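Colleague: I'm still learning to read helices, and I'd love a close look at one part of this model. Could you take me through it slowly?

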Amino acid sequence: MFYFLSKSVLQYGRHTAAVSPTHKHFSFQLSPSIITLRFFISTLENPNKHSFAASYLISKFGFSPESALSASKHLNFTTTEKPDSVIHIFKHYGFSQVQTLKLVKKYPRVLSCNPEKTLLPKLEFFHSKGMSNNDIAHILCTYPHILERSLENCITLNFNFLGNLLQSNDKTIAAAKRYSPILYHKPDRFLKPCIDILKEYGVPQKHIASLAHRWPKSVMMSPNYLRRIVEKVREMGLDPLKPQFTTAVMVMSLLSESGWERRLGVYKSWGWSEEDVHAAFIKEPWCMMTSDDKIMAVMDFLVNNMDCEPSFIVKNPYLLKPGLKTTFIPRASVVHFLLSKQLIETKPNLVTLFLCSEKMFLEKFVNCFEEAPQLLKLYGDQSNLSK
């Protein structure tokens, strides 16, 4: 019997095998479908153990046999009733097939949870706080382990604590979408100690709230590590009362030491000293999060196309923020046209030119001239090239 079944499996897996006629001994040549072979052999040896769950994962979600066997060890259903109910609830809450597949592949155990007692109350809670179906799908697909946590003792506490800080459900939802684990860990582990440290150093409540809203990962790190970062930022000369302080904390928390040194080297290639980088960082900490390629491109454009001294950018590091194709090139094209037609006598201040709002730029450099239609076309053509 074993010989017959094994031969069938071999034919199914399209393997070549050498069979000893006396001992029924098999010698397999390893091929990609060996995983499928192992799945069937495991099913034969353990017909009632995990084979149903594994088969369900393969047929319903496209798991490989090997990953299905591994995941099935943590699943406890032997009929389709429970997992089908779980899938139905996700579908009811607007999850697409792709989103459900992503969630299940990241967290197969969700198929074994009690749909009515465990899953539904959490989805209803998220919905009651103003989350759209897409919000819920985004958060759970990003970090489905949230579903492991107690609704009353963890998820609700986290949401309410963050909501009290941000004073807005919409901002709380946005923070959870940016860093979903913020709903997983109880506030006392990371969030509250990190906020207390920032308060201890005199950071205003509104700046702490802004950090938690825009960069929630920065308040979800080891409190000891955050304290070291905050101390270092203060030693660099940043004022805890100013918004640049929390931006600097965020940058330092995300940028490794090697990343800092690499970025330092990029600025030095344009003649900046370490003191220049330090001065620029104090004014605009985000300059150290700008990619190497963008720094090189913007510096090249400003220095070689706009006759800007690198020292001017040290004093105005905000110039590194706008996009080269979306802001610098279109606006520079308009100004070069105005200069060539002698419609303006001198090149405008670069900070005014590149950092003013779209509305102000059009009022100051386009709409006030008779050539406005031609300028608008030039500006629009250059802007469209970036799309």
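What covers the buried residues of α13?

Modeller: Happy to help! Keep in mind that this is a predicted model. The cover over the buried residues of α13 includes α11 (191–200) and α14 (243–254). To see how that works, start with the helix itself. Helix α13 runs over residues 223–235, and at 1.5 Å a residue its 13 residues should span 18 Å; the C-alpha atoms at its ends are 18 Å apart, so the expectation and the model agree.

Now look at which residues are tucked away. In α13 the buried ones are Leu 226, Ile 229, Val 230 and Val 233. These residues cover an arc of only 100° around the axis, and therefore they sit on the same side of α13. The spacing in the sequence helps you understand this: an α-helix has 3.6 residues a turn, so residues three or four places apart point the same way.

Turn the helix around and you meet another set of residues. Asn 224, Arg 228 and Glu 235 are exposed, on the other side of α13. So that you can picture both faces together: the side with Leu 226 and Ile 229 among its buried residues has α11 and α14 among its cover, while Arg 228 is one of the exposed residues on the other side.

Finally, follow the chain past the end of the helix. Just after α13 comes Gly 237, with a positive phi of about 105°.

Methods: Residues are numbered from 1 along each chain as its sequence is written. This is a predicted model: local features need pLDDT of at least 70, side-chain atom pairs count only at pLDDT 80 or more; totals for chains, interfaces and linings use all residues. Side-chain values use heavy atoms; hydrogens and water are left out. Helices (H or I, at least four residues) and strands (E, at least two) are DSSP runs, numbered from the N terminus. The expected span of a helix is 1.5 Å times one less than its number of residues. Buried means under 20% relative accessible area, exposed over 50%, partly exposed in between (1.4 Å probe, protein chains only). The arc is that of the directions from the helix axis to the C-beta atoms. Contact means heavy atoms within 4.5 Å.
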